[in-house]
Amino acid sequence: MAHRGSDISIHDDERSLPTDRGFDAPHHDLIGRRPLLPRDDPFYEPVDGMADLAPGTVLRSRDVGLAFLGVIPQRIAAVQLSYRTTDMNGEPMAAVTTVLSPSSRSLGEVYPIVSYQCAIDAIAGRCFPSYALRRGSKALGALPQLEFLLIAALLAEGWAVSVPDHEGPQGLWGLPREPGYCVLDGIRAAMNHAPLNVDASAPVGLWGYSGGGLASAWAAEMFAEYAPELDVVGAVLGSPVGDLGKTYERLNGSFFSGLPALVVGALTHVYPELQRVIETHATPAGKKSLARLQKMTTVEAVVRFMFTDMASMLDRPLEEVLALPEVREVFDSIRLGRSTPAMPVLIVQAVNDRIMSVDDIDELARLYSEGGASVTYHRDRFSEHMLLHPMSAPMALRWLQDRFDGRPVRANRLRTTWPTLLNPSTYQGMARLVAISAKVVGGRSISRAPLSEFDR
């Protein structure tokens, strides 16, 4: 079976899986063809018999060319892995991660791997990192294209990086558990793919911000039960949402009202009771608006839906619809804080954040701490949502480096209480980040140049 215009062809022996022996995942070399959208690309399709495979088993692999904003080619070795993971209901599912290797490493060296969760924050496949980071992608408004600068900073530390499509193959933003499965199995897949030379004993870090922080938090909460064999030594949870239900109510009608609308559009795919509420109470115009969201990138959705009151899409007051038991049940099921992370966590949150409420993150930090987690909470008094992610990067990377080096967590706590805007080392790190970004924009090689060394 072949797909026209695809990088690969899928044959029957690739699609089916013998249950009496291991599966040799086919590998496809780099092809300089414009990438297909995930929905049209057979690389993303599941393999028959996946239920008989261990989570993290590689199903297919291919070399890919990366490009900043889809147009500036990067000199970075990158492999994409299709791997067996688990959906929110515990059923087998295929997902994809993009694994980037550092340019310089010694033979036999066990180097860390960081799973970086992008703020996908959309349903459209154009926003999946596996598509948006590739050369030739058409993904204007997809946040992973901008986050490539921070992914490059991880490479400059000398670490391997896994960038999973943590929303799964359908782009279901906001689901519980499934992002954690995708993240942890993406790390397993990178270790299982021998050519990457990622040692199974390598220390593992997690990092993400906003929607990526939410996915990282799910992975942190689920790690001990789902993937205890991994040596996950720390997780940086940047503005990790905490309570999507409260976020929906707070952002509705604001500049960022497109974000909660995207969440509702995604959740209707897997919560039939929520879909029934939409079918019953959404106006014809409201249904059309939610349908259009399925194809929008994050920035496009924010621009087109800014200051839109979701009440205008309903035939009943919004407060009544949100109070329905089936709606409350959905929002309760997607809230973080059900489990305690088994690894140390660094939570980063701006007090003056207009998107994520600091009160929600305060509550999440409290729940984690009371559950026995080692929590370092950088509650930044002078930043806001967009600015804090890059400004806190030197601190986040230094915190991860300390975890990889086995340093005690308490060594970080004093400096993480100081606002990033008032910390001189922040600006040294930002200067290094600008230099790394200049290499990305110029399409030059990313050599070892750690940001983490500036955070003191």
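**Exercise 1. Which residues of α17 are buried?**

Solution. This is a predicted model, in which local features need pLDDT of at least 70, side-chain atom pairs count only at pLDDT 80 or more, and totals for chains, interfaces and linings use all residues. Residues are numbered from 1 along each chain as its sequence is written, and side-chain values use heavy atoms, with hydrogens and water left out.

Begin with the terms: helices (H or I, at least four residues) and strands (E, at least two) are DSSP runs numbered from the N terminus, and buried means under 20% relative accessible area, exposed over 50%, and partly exposed in between, with a 1.4 Å probe and protein chains only. The buried residues of α17 are then S425, T426, G429, M430, L433, I436, S437, K439 and V440. Their cover includes β3 (67-68), β4 (72-73), α3 (143-156), α14 (385-391) and α15 (393-404).

**Exercise 2. Compare the expected span of α17 with the distance between its end C-alpha atoms.**

Solution. The expected span of a helix is 1.5 Å times one less than its number of residues. Helix α17 covers residues 424-442, which are 19 residues, so a span of 27 Å is expected; the end C-alpha atoms are 28 Å apart, which agrees. After the helix comes G443, with a positive phi near 70 degrees.

**Exercise 3. Describe the largest pocket and its lining.**

Solution. On a 1 Å grid over the protein atoms alone, a cavity is a set of points where a 1.4 Å probe fits but cannot get out, whereas a pocket is an open set with protein on both sides within 12 Å along at least five of seven lines; lining residues have an atom within 4 Å of a point. Grid points are joined across faces, edges and corners, and a volume is the space filled by probe spheres set on the points.

The largest pocket holds about 690 Å³ of space. It is lined by 35 residues, and closest to its centre are A119, L143, S210, H385 and M386. Elements giving two or more residues to this lining are α3, α6 (244-251), α7 (258-267), α10 (298-305), α14 and α17, and the largest share, 5 residues, comes from α3.

**Exercise 4. Where does the largest cavity lie, and which elements line it?**

Solution. The largest cavity has a volume of about 190 Å³. Of its 15 lining residues, Y248, V264, I278, L314 and L318 lie nearest the centre. At least two lining residues each come from α7, α8 (272-281), α11 (318-322) and α12 (325-333).

Terms used:
Contact = heavy atoms within 4.5 Å.
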